[in-house]
Amino acid sequence: MIRQPTLILAGDDDPIIPLVNAKIMARLMPDARLHVYHDGHLGLVVISDQLAPEVSRFLRGDRQLDLQRMDAVR
């Protein structure tokens, strides 16, 4: 039911929330973008310097690049 553009950040080595959960969410939400980073559950804290630009791009609305990336995930 979420129709707003949504950024989903997920670590590829997360023992708490498996990556498959994020992939399912991204497929079910009509305007979602999945960004998979190389780290675990605390990636937002540990590698915030790498993830902050992704969040900034999303908030600026760089949607064309996002759509190309989503096609690669699906």
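Which residues does T6 touch, not counting residues up to four places away in sequence? In this predicted model, the answer is M29, D31, A32, R33 and F58. T6 makes a handy starting point for a first tour of the structure, and the paragraphs below move from the overall layout to individual residues and back to the surface.

The chain contains 4 helices and 2 strands. Followed along the sequence, these elements come in the order β-α-β-α-α-α. Of the 74 residues in the chain, 30% are buried. Among the contacts with a separation of 6 or more, 65% are between residues 24 or more positions apart. The accessible surface of the chain amounts to about 5100 Å², and carbon and sulfur atoms contribute 59% of that area.

Strand 1 spans residues 6–11, and T6 belongs to this strand. T6 counts as buried because its relative accessibility is 18%, and the cut-off for buried is under 20%. A polar atom of the T6 side chain lies 2.9 Å from the backbone oxygen of Q4. One of the residues that T6 touches is R33, a residue of strand 2 that returns below in the account of salt bridges.

L9 is also found in strand 1. With a relative accessibility of 25%, L9 counts as partly exposed. Once neighbours within four places in sequence are set aside, the contacts of L9 are H35, Y37, L44 and V55. Strand 2 covers residues 32–37, and helix 3 covers residues 48–60. L44, another contact of L9, reappears in the surface patch described at the end.

After strand 1 the chain enters a loop that leads to helix 1 (19–28), and D14 sits in this loop. Is D14 paired in a salt bridge or without one? D14 is buried yet has no salt bridge, and K23, the nearest side chain of opposite charge, is 13 Å away. The side chain of D14 does have backbone nitrogens within reach. One of its polar atoms lies 2.8 Å from the backbone nitrogen of I16, and the side chain reaches the backbone nitrogen of I17 at 3.1 Å. Beyond residues up to four places away in sequence, D14 touches D39, G40 and H41.

L19 lies in helix 1. Not counting residues up to four places away, L19 touches A10, G11, D12 and V36. Two distances help to place L19 in the fold. L9 and L19 are 10 residues apart along the chain, and their C-alpha atoms are separated by 9.6 Å. L19 and G40 are 21 residues apart in sequence, with a C-alpha to C-alpha distance of 9.9 Å. G40 is also one of the residues that D14 touches.

How many salt bridges does the structure hold? There are 2, and R33, E54 and R57 are linked in a network of salt bridges. In one of these bridges, the side chains of E54 and R33 meet at 2.4 Å, N to O. E54 lies in helix 3 and R33 in strand 2, so this pair ties together parts that are 21 residues apart in sequence. E54 counts as buried because its relative accessibility is 7%, and R33 counts as buried at 0%. The side chains of R57 and E54 also meet in a salt bridge, again with 2.4 Å from N to O. R57 and E54 both lie in helix 3, 3 residues apart, which is about one turn of the helix. R57 has a relative accessibility of 23% and therefore counts as partly exposed. E54 takes part in the bridge with R33 and in the bridge with R57.

The tour ends at the surface, where L42, L44, V45 and V46 form a nonpolar patch. Together these residues have about 420 Å² of accessible area. L42 is located in the loop between strand 2 and helix 2 (43–46). Why does L42 count as exposed? L42 counts as exposed because its relative accessibility is 55%, and the cut-off for exposed is over 50%. L44 belongs to this patch and is in contact with L9, a residue of strand 1.

Technical notes
Residues are numbered from 1 along each chain as its sequence is written. This is a predicted model: local features need pLDDT of at least 70, side-chain atom pairs count only at pLDDT 80 or more; totals for chains, interfaces and linings use all residues. Side-chain values use heavy atoms; hydrogens and water are left out. Buried means under 20% relative accessible area, exposed over 50%, partly exposed in between (1.4 Å probe, protein chains only). Lys and Arg count as positive and Asp and Glu as negative; His and the chain ends are not counted. A salt bridge is a side-chain nitrogen of Lys or Arg within 4 Å of a carboxyl oxygen of Asp or Glu. A polar contact is a pair of N or O atoms within 3.5 Å; within protein, one must be able to donate a hydrogen and the other to accept it, and residues adjacent in sequence count only if both atoms are side-chain atoms. Contact means heavy atoms within 4.5 Å. Accessible areas come from the Shrake-Rupley method with a 1.4 Å probe; for residues, only the protein chains shown count as cover. Patches are made of residues with over 30% relative accessible area and no salt bridge: like charges are joined within 9 Å, nonpolar side chains (Val, Leu, Ile, Met, Phe, Trp, Tyr) within 5 Å.
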